[in-house]
Amino acid sequence: GISTMTLTLNSPPRLGTCSCTPSTGMVVSTVFKLNCSGWMDAENDFPLQYLFQLVASNGSESTTTTTNVLDLSSLQLSNELYTVLPPPLSTEGSNANGLITLRTLVSDSLGSSNPRVFTANVQGTIDAFNITKILLQLQEKIDQRELEQANVLFAVALNYTDTESYSSSHILERQYVRQRLSALILSYARAAEPVVETRPVELDPWASTALILKGIASFHDIQESTETMRDNVLDTATLLIGSRVLSSSVLPNLLNSALGVQNQVSQLGTDAEKRIVSGRTEAICIDGAQLLLRGTVPGEESKEIILGQETAIVAKRFGSAEAASERNSMSSSVGANFSFRLPMHLPASTVDALCFYSRIPTYPGRLATGTLSIELRAEGQVIAPLVTESNPYELNIPAIFTNGSYCQFYNITTQNWDNKGMTFSGYTENPDGIRTMLCQSTHLTSFS
């Protein structure tokens with residue numbers, strides 16, 4: 001027989017406008033009125049709700065995403081918001097003309113939303129005296145759980161740190177502000193956690209936090225970095241990566257924050273700090289790879305995020321059929337150009353293979369490749385099956401140089417590189433013409 005079903009698609013609200021009054025004002029002192037009017041919904045899915053946001057780059061409606069916006073309000077029934085505004089905060093350099101981009105998501109009662117982008121002109125700058133007051137106000141907003149207003153003050157402070165002056169006094173000022181902001185964003189995340197965990201993943205409730213965190217970990221001068229700041233950034237990233245409502249769209253900003261810290265430590269840190277930070281960064285990135293597999297089924301193609309030119313996380317879910325066939329491999333399609341093959345007959349029916357590759361110098365030592373970290377999980381739990389030399393894990397890692405190279409792993413017990421259970425099988429050339437080292441291993445960890 002034949003059966004039919006008629007589906008009605010829900011369309012978002014439309015026909016309305018959003019604006020800012022006054023159109024021009026002064027940083028942190030002028031109270032702007034953001035207002036949306038004339039919005040209708042064809043299916044009468046009322047009430048409508050409004051989410052006001054600040055865009056952290058001068059984009060258009062087509063280029064604005066959840067990864068570059070700060071929430072100025074929660075999702076609210078009121079179609080207007082009174083707020084102060086920061087100077088332009090750009091992810092691609094500062095904007096001297098004072099023009100900032102705002103966005104409102106107008107949603108119906110079923111969650112279908114329509115974005116509307118508009119602008120305001122914010123004049124004035126923040127000096128060393130004012131930034132001290134801003135940091136005090138920011139602490140008060142966090143203590144009072146006024147989180148969206150705290151976002152505005154974070155944006156103001158990040159604009160201050162975005163100056164490109166390289167005088168020693170300005171570097172020390174920015175160093176102090178970044179360290180203070182790193183403590184405040186950690187307090188902010190802890191204060192926001194009970195509220196955020198009640199919100200749907202679709203609203204990207206951690207997007208603002210991850211964007212601020214990335215801004216704190218981004219430097220004009222490496223001298224702005226301090227050990228306390230780095231610890232606070234990693235503590236915040238660890239809190240976020242463990243949230244059940246963290247969306248995969250937030251991952252690039254979050255993981256780049258941790259990688260920013262790792263890059264700083266590679267230049268400034270002691271060997272002991274390099275070991276600690278590398279381990280923490282790997283854990284954050286591997287958990288991020290697990291998040292990529294949310295909702296996937298065995299046999300789907302690998303999921304990946306490319307972070308910079310030669311850093312990536314890749315994840316794939318294998319069923320017993322894939323693990324026992326020629327489909328038991330995974331690779332990074334661009335950038336990192338590594339690959340990994342499972343041995344046959346793993347002990348679980350469904351296995352998640354999680355990989356993190358980085359060319360950033362991490363653990364101590366001169367390495368012929370970047371570091372490839374691999375973890376297997378079954379039902380969310382780490383598994384570490386030992387395999388034999390006749391049925392090993394296979395790794396292809398891009399080679400930086402090839403003379404006298406050999407395969408090794410980082411032994412966390414001895415805190416040194418080791419080659420136990422490792423076999424170097426020679427060099428191969430991948431389809432992009434990049435020479436790689438072929439290694440075999442009877443265990444999993446961080447390889448180079």
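**Disulfides and unpaired cysteines in the predicted model**

In this predicted model, the torsion about the S-S bond of C407 and C439 is about -85 degrees, so the disulfide between these two cysteines is left-handed. The sulfur atoms of C407 and C439 are separated by 2.0 Å. The link connects distant parts of the chain, with C407 placed in the loop between β16 (393–398) and β17 (409–411) and C439 placed in strand β20 (residues 435–441), the two positions being 32 residues apart. Both ends of the link are shielded: C407 has a relative accessible area of 4% and is therefore buried, and C439, with a relative accessible area of 1%, is likewise buried.

A search of the whole structure returns two disulfides, and besides the pair just described there is a bond that joins C18 to C36, with an S to S distance of 2.1 Å. For the link of C18 and C36 the angle about the S-S bond is 105 degrees, and this link is right-handed. Because C18 lies in strand β1 (residues 17–21) and C36 in strand β3 (residues 32–37), the pair ties together parts of the chain that are 18 residues apart in sequence. With respect to solvent, C36 is buried, its relative accessible area being 0%, while C18, at 10% relative accessibility, also counts as buried because the cut-off for this class is under 20%.

When the bonded cysteines of the chain are numbered in sequence order, the pairing pattern is 1-2, 3-4. Cysteines outside this pattern include C20, which takes part in no disulfide and for which the nearest cysteine sulfur, that of C36, is 11 Å away. The absence of a bond at C20 follows from the distance criterion, because a disulfide is assigned to a pair of cysteine sulfur atoms within 2.5 Å. C20 is nevertheless buried, with a relative accessible area of 10%. A further cysteine in no disulfide is C285, for which the nearest cysteine sulfur belongs to C355, at 12 Å. C285 is buried as well, with a relative accessible area of 0%.

Taken together, the two disulfides found in the structure comprise the right-handed link of C18 and C36 and the left-handed link of C407 and C439, whereas C20 and C285 are among the cysteines that take part in no disulfide.

Technical notes:
Residues are numbered from 1 along each chain as its sequence is written. This is a predicted model: local features need pLDDT of at least 70, side-chain atom pairs count only at pLDDT 80 or more; totals for chains, interfaces and linings use all residues. Side-chain values use heavy atoms; hydrogens and water are left out. Helices (H or I, at least four residues) and strands (E, at least two) are DSSP runs, numbered from the N terminus. Buried means under 20% relative accessible area, exposed over 50%, partly exposed in between (1.4 Å probe, protein chains only).
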